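This report sets out selected structural features of a single model. It is intended to be read alongside the sequence and the coordinates.

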Amino acid sequence: MQKSNSNPQQNTSTDKTREQIMAEREAKKQAKLAKKQKLNAPATTIITEVEQTTITKKLTTTTTTTTKEQNLLPLHSTNVADTKTASEASAISSTDVKPTAPAGEKTREQIKAEREAKKAAKHAAKSIKSNNVDAAADQLSDLQVATKTETASAASALTADHEKKKPALSKAERRAIQEAQRAAKAQGQTKKPPGGVQTAGANSVKKAPSVDATPVKEQRDDKHDKHESPAKSPSKSGTLKADRECKVKLFNHLVSADKDASLFINDPNVHPSMARLGVQYAQRTIVGSNARCIAFLHALRQVVQDFETPAKKEFGRSLDVAVKHHVDHLNKCRPLAVSVYNAYKQFKNQLTQLPTDTPETELKELLGHFIDTYIENQIGKAAQAISSSMQEKITDGDVLLTFACSSLIQFICEEAKRRKVTFRVIVVDSRPFCEGQEMLRRLHACGIPCTYVLINAISYVMPEATKVMLGAHALLANGYVMARTGTAQVALVANSHNVPVLVCCETHKFSERFQTDAIVYNELCDPNLLVMDGKCCLNNWQSKSRLTPLNLSYDITPPELVSAVVTEVAILPCTSVPVILRIKPDIGY
């Protein structure tokens with residue numbers, strides 16, 4: 001074997017044959033491909049070792065075929081040894097061995113060697129998928145021991161030739177070596193395999209990944225991602241699915257109140273009174289248009305008293321910026337009511353009218369006086385004026401029907417009781433908040449006889465009612481009434497039974513917004529509030545794909561269902577709202 005290798009060695013020293021030139025060209029091409037692909041070293045270590053064993057077996061078996069093949073084998077073996085130092089051992093050797101035997105002239109030993117190599121590659125790929133690198137290493141070691149006797153002479157010849165002559169590497173080959181080392185080093189830093197895996201990765205740094213190992217690596221990554229995706233998906237897709245199912249597509253443009261009010265408590269720019277009010281808004285401790293407006297004005301008074309004008313700043317402008325920040329904070333906790341927004345606009349208008357040559361203490365007193373006057377006139381005196389107008393409509397024997405809870409309707413009923421008018425009240429209530437229970441408690445405390453029913457029984461009690469008195473969240477400029485969800489249904493049933501519907505609403509709740517349905521603007525509440533208990537059919541509604549609960553706060557009642565609107569100015573039809581909005585600044589309110 002060694003004698004047959006000596007003659008070609010002498011021929012290579014004198015001049016290069018055609019096969020040597022082709023081998024060098026193939027080596028350069030493979031170096032460029034290895035630089036572009038930059039495959040991971042640990043995943044290809046086993047593949048290159050298998051290929052090396054098959055190459056050596058091919059070399060040993062082809063030496064016994066013909067004298068022509070014996071002359072060509074040492075040339076290609078030297079190419080394999082040279083390119084191995086350049087990190088392209090497997091790719092170059094696979095391309096160099098092919099010219100040694102023509103197509104269709106493979107011997108029986110070559111076919112067996114190729115079959116054994118394929119089997120070893122399949123077993124190695126299976127061992128990689130199961131993350132059992134030690135078993136794959138044992139399998140390869142057994143394969144190497146089985147072929148050790150056959151490849152001893154060829155391996156000794158390769159090492160002897162490699163030690164005798166080490167040709168100079170080209171520029172492309174050096175770059176390929178550097179790129180392979182950098183890729184292996186980067187992978188070793190990002191992913192450190194334990195124990196024997198780490199040593200295998202360290203040894204594979206010297207070898208470039210073969211081109212044939214590319215589909216095996218990609219297949220492994222794809223299957224690895226498929227196995228990991230179900231474990232990662234429930235955390236991310238679960239929240240996205242919950243957010244998607246909590247909203248109906250028709251109401252996706254609406255913003256619901258923030259459930260976690262503690263996110264805004266620690267803001268250093270928010271006054272403690274405003275932070276407390278935001279929590280009360282979010283938890284629905286303070287409900288009702290008038291109650292929310294009064295609480296806002298009281299908190300605003302505290303902000304004005306504790307405000308300090310920055311250096312070289314004007315009081316009015318700097319206070320306007322601070323109040324705007326507080327209003328934005330309240331809007332995050334829960335969307336502002338129309339009454340709160342109107343009070344804020346009046347306060348901003350008052351800030352623009354403050355004199356500039358007045359001390360800061362006097363300006364704060366002026367703002368405090370404005371807040372007290374607004375509460376007294378817009379809420380207190382307005383309620384008294386509306387009550388006096390309604391007393392003329394309430395007579396002995398009347399049955400008044402009301403919906404949910406309204407502080408204004410409560411004030412009117414208490415005033416009629418003080419006038420010793422004999423009447424009774426039917427309180428209609430609805431879930432999920434059941435505010436009618438609070439209305440029932442207040443009226444019962446005053447000694448007024450009451451009847452309590454849910455909204456699904458309204459058609460049974462409506463024939464008994466003589467008048468329907470409803471409160472309102474806001475009165476829109478086109479005459480539509482915005483009130484708690486269920487008000488439109490009560491007005492519709494009353495209209496079908498020819499019962500007059502009177503809406504009691506102060507002028508500070510009038511809005512310039514036009515709206516004909518409850519879709520364009522509304523407030524979304526938590527859909528979990530619709531679930532009564534564990535036995536409710538809505539329990540665990542998130543797991544039901546075709547069920548999407550919707551909890552709206554307000555609905556819109558058309559003006560055709562409203563007989564009249566009772567305000568502190570007069571008893572007017574719904575279409576007179578634009579007139580009130582136009583003359584309101586002139587009447588002093």
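The sections below treat the nonpolar cores, the strands, the cysteines and the salt bridges in turn. The model is a predicted one.

## Nonpolar cores

The largest nonpolar core has 36 residues, of which Met 274, Leu 277, Phe 296, Leu 297, Leu 319, Phe 347 and Leu 367 touch the most other members. Two or more residues of this core come from each of helix H12 (272-282), helix H13 (289-306), helix H14 (315-333), helix H15 (338-352) and helix H16 (360-391). The greatest contribution is that of H13, which supplies eight residues.

Leu 367 may serve as an example of the contacts. Leaving aside residues up to four places away in sequence, Leu 367 touches Val 304, Phe 315, Leu 319, Phe 347, Gln 350, Leu 351 and Leu 354. A second core, separate from the largest, comprises 23 residues, including Ala 383, Ala 416, Val 425 and Leu 443.

## Strands and their pairing

Strands of a sheet are paired through hydrogen bonds of the backbone, in either a parallel or an antiparallel sense. Both senses are described here.

An open sheet is formed by three strands in the order S5-S6-S8, with antiparallel pairing. The edges are occupied by strand S5 (474-475) and strand S8 (554-557); each has a single partner strand, so one side of each lacks a neighbour in the sheet. Strand S6 (residues 481-484) is joined to S8 by four bridges, and the two run antiparallel. Within this pairing, Met 482 has Ile 556 of S8 as its bridge partner. Helix H20 (residues 487-496) packs on the sheet and touches both S6 and S8, and the direction of H20 makes about 30° with that of S8.

The parallel sense is found around strand S7. S4 and S7 pair in parallel over three bridges, and Leu 470 has Val 503 in S7 as its bridge partner. Three bridges also join S7 to strand S9 (residues 564-566), again in parallel; here Leu 502 stands opposite Ala 564 in S9.

Are the faces of S7 covered or open? Both faces of strand S7 (residues 501-504) are covered, with Val 501 and Val 503 buried on one side and Leu 502 and Cys 504 buried on the other.

## Cysteines

How many disulfides does the structure hold? The number is zero. A disulfide is a covalent bond between the sulfur atoms of two cysteines. For Cys 504, the closest cysteine sulfur is that of Cys 505, at 8.9 Å, which is too far for a bond; the cut-off applied to a pair of cysteine sulfur atoms is 2.5 Å. From the side of Cys 505, the closest cysteine sulfur is likewise that of Cys 504, at 8.9 Å.

Both residues are shielded from solvent in the model. Cys 504 is buried at a relative accessible area of 1%, and Cys 505 is buried at 0% relative accessibility.

## Salt bridges

Side chains of opposite charge can pair when their charged atoms come close. The structure holds 15 salt bridges, and the table gives three of them.

| Acidic residue | Basic residue | Closest N to O distance |
|---|---|---|
| Glu 179 | Arg 182 | 3.8 Å |
| Asp 398 | Lys 467 | 3.2 Å |
| Glu 415 | Arg 418 | 2.5 Å |

Two of these pairs lie within a helix. Glu 179 and Arg 182 both belong to helix H9 (residues 171-190), where they are three residues apart, about one turn of the helix. Arg 182 is exposed, at 53% relative accessibility. Glu 415 and Arg 418 both belong to helix H17 (residues 407-418) and are three residues apart, about one turn of the helix. Glu 415 is partly exposed, with a relative accessible area of 24%, whereas Arg 418 is exposed at 52%.

Further salt bridges share partners and thereby join Arg 284, Glu 435 and Arg 484 into one network.

The remaining pair in the table connects two strands. Asp 398 lies in strand S1 (residues 398-403) and Lys 467 in strand S4 (residues 467-470), so this salt bridge ties together parts that are 69 residues apart in sequence. Asp 398 and Lys 467 are both buried.

Notes
Residues are numbered from 1 along each chain as its sequence is written. This is a predicted model: local features need pLDDT of at least 70, side-chain atom pairs count only at pLDDT 80 or more; totals for chains, interfaces and linings use all residues. Side-chain values use heavy atoms; hydrogens and water are left out. Two strands pair if DSSP finds at least two bridges between them. Contact means heavy atoms within 4.5 Å. Axes are lines fitted to C-alpha atoms, for helices over the stretch in contact, and angles run from 0 to 180 degrees between N-to-C directions. A nonpolar core is a set of buried Ala, Val, Leu, Ile, Met, Phe, Trp, Tyr and Cys residues joined through side-chain atoms within 4.5 Å. Buried means under 20% relative accessible area, exposed over 50%, partly exposed in between (1.4 Å probe, protein chains only). A salt bridge is a side-chain nitrogen of Lys or Arg within 4 Å of a carboxyl oxygen of Asp or Glu.
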